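Here is a short report on one protein chain. Its overall make-up comes first, then its cores, then one helix pair and two leucines.

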Amino acid sequence: MRWRGGLSLKCLLFLVSVLVGFEAVPISVDKTKVKLAEEQVKEPPQSVDTGLHYDRYLREVIDFLEKDQHFREKLHNTDMEDIKQGKLAKELDFVSHHVRTKLDELKRQEVSRLRALIKAKQDIEGGKDMMMDHQALLKQFEYLNHNNPHTFEVEDLDRLIKSATNDLENYDKERHEEFKRYEMMKEHERREHLKTLDEDGRKKEEEHHEELKKKHADHPKVNHPGSQDQLKEVWEEADGLDPEDFDPKTFFSLHDTNGDGYFDEQELESLFTKELEKVYDPANEEDDMVEMEEERLRMREHVMNEVDTNKDRLVSLDEFLIATKKKEFLEPESWETLEQNQAYTEEEMREFEEHLAREEKDLNQKTLDLQKQKEELERQQEQLNAQKLELQQAVEHMARLKTQNAEPPAEHKGAENTGPALATDGQPLPPGHVQDLPAHS
């Protein structure tokens, strides 16, 4: 498959973006009539957040490459497989100097961001005094060439495309695993709650739980995703058209909302809203909206596996029309919803609870260690406070002594002359001699 004429380089971002699950919304169309446009304006798909930790860097690189006319023209005539294999990246050597300079700047900023993240992580883990080998640590970020942190080269673009494609190809798998953990944690918390109740309380809680399960399972038939019955229901209820007039080509045009001639994953997921509303209602206690989004993901994956024959993660009009002629489209098997397919096995549940028990034990030990450290610090603080008090008392005692030594003795106060007696001529008198005092007349 080649990139469609008129599409910008943002299609490259779309290539990796479409692998991400989107929040589907009902599609609004003119319910009074169907009229196919003679010529649809081809617009590039809107960029969406890929969810990657380097999403901003990816977007900025693509935004600047899009400004180079040579690179943009090469993209229009490049096979998707060639893009994945790195052939497009070699065209980087021919982009303008201004664009290359800006890409160099973006890469330096990204390397600085990663180094800051590495340092922050090390600080959190208590390794402030350890020497860091940033080059070695940067190796874990495969979407850029860490050996050259200064300039953006062909290898950087090649790594960025391959990493983004690979990471997003695993996105659905990771979402399924995350959902499984969510379901097991929900069940674990329910079981733990039961342990806190008495016998009557547990019985009532179990009965309530079973009642909710039955209410959730009591819903209208869910049509097989992508089948004629399912699409006709959208045609009738969402589009407001007569099911007898169902036409696959017209249906495709109505729901190809960006008019690019393809169903992307967002457009596909929006087709399942009516089916999901049969099973899930946010106002009902028994309906879990997280489970609804998992169901949406399962439906989209199923249709992609059945219809997307060239595995480019897009459904072309030709692929869609071919699928509508197959037996699976006309006479589909029944669709089993999540309540009929538990996300985990009892063995997985047991291992999950054992893992939680180990984590809780480790957390309790860390809490105990921290408590001991706190008590030791409090004891040391008390010792410091006692030493500080003793020091203050000693200083006050020394100050009092100093004040007392500076004052004359009380018995000597008022004495006018404490020196030896002198004769009238100023010479000292012999010992024992008493000076004659003048007679008074």
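The text below describes a predicted model.

**Overall make-up**

The chain has 441 residues, and 36% of them count as buried. Its secondary structure comes to 17 helices and 2 strands. The accessible surface is about 28400 Å². Carbon and sulfur atoms hold 50% of that surface. Take the contacts between residues at least 6 apart in sequence: 72% of them join residues at least 24 apart.

**Nonpolar cores**

The largest nonpolar core has 30 residues. Within this core, Y54, Y57, V61, L65, L103, Y143 and L157 touch the most other members. Four helices each supply at least two residues of the core: α2 (55-65), α3 (69-76), α5 (97-124) and α7 (154-169). Another core, of 28 residues, lies apart from it. Its members include F179, W235, M299 and W335.

Which residues does Y54 contact, leaving aside its neighbours within four places in sequence? The partners are E110, R113, Y143, L160, S163, A164 and D167. Y143 is thus both a partner of Y54 and one of the core members with the most contacts to other members.

**The α10 and α11 pair**

Two packed helices are described by the angle and the distance between their axes. Helix α10 spans residues 228-238, and helix α11 spans residues 248-255. Their axes come within 11 Å and cross at roughly 60 degrees. The crossing is left-handed. On the α10 side, L231, V234 and W235 make the contact. On the α11 side, T250, F251, L254 and H255 do so. By class, the contact has 5 nonpolar residues, 2 polar ones and no charged ones. W235 is also listed in the core of 28 residues.

**Two leucines**

L254 lies in helix α11. L268 lies in helix α12, residues 265-270. Are they buried or partly exposed? L254 has a relative accessible area of 22%, so it is partly exposed. L268 is at 4%, and therefore counts as buried. The cut-off for buried is under 20%.

L268 touches F263, R300, V303, M304 and V315, with residues up to four places away in sequence not counted. Each leucine also has a C-alpha separation to a residue of the helix pair, as tabulated here.

| Pair | Separation in sequence | C-alpha to C-alpha distance |
|---|---|---|
| L254 and W235 | 19 residues | 9.4 Å |
| L268 and H255 | 13 residues | 8.5 Å |

W235 and H255 both belong to the contact of α10 with α11.

Conventions
Residues numbered from 1 in each chain as written. Predicted model: local features only at pLDDT ≥ 70, side-chain atom pairs only at ≥ 80, totals over all residues. Heavy atoms only, no water. Core = buried A, V, L, I, M, F, W, Y, C linked by side-chain atoms within 4.5 Å. Buried < 20%, exposed > 50% of the residue type's maximum accessible area, 1.4 Å probe, protein only. Contact = heavy atoms within 4.5 Å. Axes fitted to C-alpha atoms, helices over the stretch in contact; angles between N-to-C directions. Left-handed = near helix turned anticlockwise from the far one by under 90°. Nonpolar A, V, L, I, M, F, W, Y, C, P; charged D, E, K, R; others polar. Areas by Shrake-Rupley, 256 points an atom, 1.4 Å probe, with all protein chains shown as cover.
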